[in-house]
Amino acid sequence: MLFSSTTFLFGFLPAVLLLYFALPKLFGRHARTAQNAVLFLFSLVFYAWGEPIYIFLMCASIIVAYITGILADKSRLPADKQGSKVPLAAMTAAVVWNMGLLLFFKYTDFFINTINSISGAGIRPLGLALPIGISFYSFQTLSYVIDVYRGDVKSQRNILHLGTYVALFPQLIAGPIVRYIDVAEQMVGRRESLEKFADGVKRFCIGLGKKVIIANAVGELFDTLSNAPQSQLSVAASWIGIIAYTFQIYFDFSGYSDMAIGLGKMFGFDFLENFNYPYISDSITEFWRRWHISLSSWFRDYVYIPLGGNRRGKARQCVNIMAVWFLTGFWHGANWNFMLWGVYFGVILLLEKNFLLGWLKKAPKAVRHIYALLLIVIGWGIFAYEDTSKLLQNLKNMFGLGGLPLWNDETAFRLSQNGILFLLAILCSTPLVKKLGEKIKNSNEEVYANFCVPAECAVLLIISVAYLAGNSFNPFLYFRF
């Protein structure tokens, strides 16, 4: 089920909200447990909407996390048993389970196809459907057990609360990757309020508008250009297509994160931010501090630092950085283009860390920004195509090596048809709209709260629903990751 669907907006969400807020009056001091039960059960329904069979897999992950979490909690052992090997064994079991799930469901066919292409072995691929959200909830349950083992958080003894954390529908399918340590107290101690609920509705509507109004529109343009015959393309059209994809993936994913954060607020949760206007960056280093923040911080805390980080010399640090970025690419999908994409950004980050950043600081801000945007767009050009031949052809087209004209009538038509859309995407990729809202709020907070915010939400919701009713193009890019 998609957040950007009429089924979710007018069926699922009203039902869960109604039941969730009716429970405190019925269950008194046990209201929080009852509310968590509602969230857990509705989250299972939400997940089952697409593929019911994989509910059992997610429930198995919850049970494994529950058991290994308790066994990994050294703080619960008597003082004379603090040196027990059981916690380490439990944490290791959690790593094996979660990484094993990812490797089996996400990468088995990739390995089989690679072996077949190299050796001609003719091994038959399994053809397994990828469980939606497995990359996200596997990382969440794994980080929970590791944090328990480290002593950063105590194990959760109530399996319902742990299950609610893992299955929570706002962030289940595509993140942000919510670590248990950040919401442990909120599982039972969160506070709902009308103000927080209204803030959540506003954030959800902004995310819905990003997804439906901008991401779907630029996504259609990219889809059209990426599937157009060579005879209709030009060098400029190839760049327009990848720039459209650059906007699509940002507004698609950041819009989903906004909706997830907004839904969390409606139920009293505070999730950490996942995007911070990444396309205003002046370097690739800055870009990755602003893009998919929850994934970057996860790899930093659970891969880069445990490998030694920057504590074992420059050479080891470079190896650690490349390991992290290879795994980042590998995490995104079982295809060579994702690994190439990860290595591409890893190399750029190494160059920036060792000498490029020093040069960039001396350059004018406009030059730094153009540098970052150019490398980002090329990176998305690698990311966008899983078909290697199509990837190489598009890169050749972009750099004038595909035998295409620089410009043609088809390019002029596409640009004239989508010029306003691109201007809207550029504007909404910057903090300008947010700053304008803050200026209005500071000048007259009452007008802002009572008129501007409700009007903004109503307009975004009405336009988004109209788009959904009249257009069947409504993909979500990160579902496949």
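This short presentation describes the pockets, one bent helix and the cysteines of a single protein chain. Please keep in mind throughout that the model is predicted.

I begin with the largest pocket, whose volume is about 1,500 Å³. Its lining is made up of 43 residues, and those closest to the centre are K202, I206, V433, K434 and E456. Which helices supply at least two residues each to this lining? They are α10 (194–226), α11 (235–266), α18 (409–428), α19 (432–443) and α20 (445–470). The largest share belongs to α10, with twelve residues. As for chemical class, 23 of the lining residues are nonpolar, seven are polar and 13 are charged.

I turn now to the second largest pocket, with a volume of about 630 Å³. Here 20 residues form the lining, and W288, R289, R300, W325 and L349 lie nearest the centre. Two or more residues come from each of α12 (284–290), α13 (293–304), α14 (314–332) and α15 (336–362). Of these, α13 gives the most, namely seven residues. The lining divides into ten nonpolar, six polar and four charged residues.

One of the helices just named, α15, deserves a further remark. This helix has 27 residues, and the distance from its first C-alpha to its last is 36 Å, close to the 39 Å expected at 1.5 Å a residue. Nevertheless, α15 bends by about 70° at L356.

Next, the cysteines. How many disulfides does a search of the whole structure find? The search finds zero. Let us consider two cysteines in turn. A disulfide requires two cysteine sulfur atoms within 2.5 Å. The closest cysteine sulfur to that of C205 belongs to C457, and because the separation is 4.3 Å, the two are too far apart for a bond. With a relative accessible area of 5%, C205 is buried. For C428, the closest cysteine sulfur is again in C457, but it lies 15 Å away, so this pair is also too far apart for a bond. C428 counts as partly exposed, because its relative accessibility is 23% and the partly exposed class runs between 20% and 50%.

Finally, I draw your attention to a loop residue. L77 is found between α3 (55–72) and α4 (86–119). Is L77 buried, exposed or partly exposed? Its relative accessibility is 27%, so L77 counts as partly exposed. Along the chain, L77 and G151 are 74 residues apart, while their C-alpha atoms are separated by 12 Å.

Terms used. Residues numbered from 1 in each chain as written. Predicted model: local features only at pLDDT ≥ 70, side-chain atom pairs only at ≥ 80, totals over all residues. Heavy atoms only, no water. 1 Å grid on protein atoms, 1.4 Å probe; cavity = no way out; pocket = protein on both sides within 12 Å on 5 of 7 lines; lining within 4 Å. Points joined across faces, edges and corners; volume = space filled by probe spheres on them. Helix = DSSP H or I, 4+ residues; strand = E, 2+ residues; numbered from the N terminus. Nonpolar A, V, L, I, M, F, W, Y, C, P; charged D, E, K, R; others polar. Buried < 20%, exposed > 50% of the residue type's maximum accessible area, 1.4 Å probe, protein only. Expected span 1.5 Å × (residues − 1). Bend = angle between axes of the 7 residues up to and from the residue.
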